[in-house]
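Reader: Before I use this model, I would like to see how each label is earned. Please set the values against the definitions as we go.

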Amino acid sequence: MANVLVLHGPNLNLLGYREPHMYGDKTLAQINEAIEDEAKQLGLTVRIVQSNQEGDLVDAIHQAIGWAQAIIINPAGYTHTSVVLRDAIQAVRLPAIEVHLSNIAAREEFRHHSVIAPACVGQISGFQWMSYLLALRAARELIEKVG
Ligand code: DQA
């Protein structure tokens, strides 16, 4: 059984209430349940963390060392600004997948650029809650490839 850290960044605790036309109408609790179910099907164990604090997200990434074989992260607004999160991902040397509910390429110009993307294996964007499930499948492939 492989372990995957799933991180949700700022404001994602308000999913379901926050701009549902953009992010979908599922709550974070419902999305996390879907993540747990899919992980089980794929033979993965997940640790799911949501925080509105950049430092807490950094701590969770550091704590993945020695436990997780991959990281799935929706950095939310930090996607576009956080050198700190990018450095943390690079520091732990675990394969990371960047996830977005909305299609950031189809939104405001400032959302087109991800500071985090170069530290990740790839990005899944625009499939609302399903982005996380696709990321889990990708994570399993990555883990299997490494052996
Ligand atoms: C988001 C996209 C970001 O631009 C935004 O700041 C978010 C959510 C997404 O999942 O679509 O908070 O990461």
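Salt bridges and the ligand site

Reader: Why is Glu108 called partly exposed?

Author: Glu108 has a relative accessible area of 36%, and the class runs between buried, under 20%, and exposed, over 50%, for a 1.4 Å probe with protein chains only, so Glu108 is partly exposed. The model is predicted, so that local features need pLDDT of at least 70 and side-chain atom pairs pLDDT 80 or more, while totals for chains, interfaces and linings use all residues. Residues are numbered from 1 along each chain as its sequence is written, and side-chain values use heavy atoms, with hydrogens and water left out.

Reader: What makes the pair of Arg111 and Glu108 a salt bridge?

Author: The term asks for a side-chain nitrogen of Lys or Arg within 4 Å of a carboxyl oxygen of Asp or Glu, and for Arg111 and Glu108 the N to O distance is 2.8 Å, so the pair meets the definition. Side chains of opposite charge can pair when their charged atoms come close. Arg107, Glu108 and Arg111 are linked in a network of such bridges, and the structure holds 4 salt bridges.

Reader: Why is Arg111 called buried?

Author: The relative accessible area of Arg111 is 17%, which falls below the cut-off for that class, and Arg111 is therefore buried.

Reader: How do you know that Glu38 and Arg137 form a salt bridge, and where do the two residues lie?

Author: The closest N and O atoms of Glu38 and Arg137 are 3.1 Å apart, so this pair also satisfies the distance criterion. The bridge links distant parts of the chain, with Glu38 in helix 2 (residues 28–42) and Arg137 in helix 5, 99 residues apart; helices here are DSSP runs of H or I with at least four residues, strands runs of E with at least two, both numbered from the N terminus. Glu38 is buried at 17%, whereas Arg137 is partly exposed at 46%.

Reader: Which salt bridge has both partners in helix 5?

Author: Glu144 and Arg140 both lie in helix 5, 4 residues apart, about one turn of the helix, and their closest N and O atoms are 3.7 Å apart, so they too fall inside the limit for a salt bridge.

Reader: What makes the approach of Ser102 to the ligand a polar contact?

Author: A polar contact is a pair of N or O atoms within 3.5 Å; within protein, one must be able to donate a hydrogen and the other to accept it, and residues adjacent in sequence count only if both atoms are side-chain atoms. A polar side-chain atom of Ser102 lies 2.5 Å from an oxygen atom of the ligand, so the pair qualifies. A polar backbone atom of Leu101 is 2.8 Å from a ligand oxygen, and for a backbone N or O atom of Gly77 the value is 3.2 Å. The protein covers 98% of the 320 Å² of accessible area that the ligand has on its own, as computed by the Shrake-Rupley method.

Reader: Is Ser102 itself buried or exposed, and where is its place in the chain?

Author: Ser102 is buried, because its relative accessible area of 5% is under the limit for that class. Its place is in the loop between strand 4 (96–100) and strand 5 (122–125).

Reader: Why is Cys120 called buried?

Author: Cys120 shows 13% relative accessibility, and therefore counts as buried. Cys120 lies in the loop between strand 4 and strand 5.

Note on methods: Accessible areas come from the Shrake-Rupley method with a 1.4 Å probe; for residues, only the protein chains shown count as cover.
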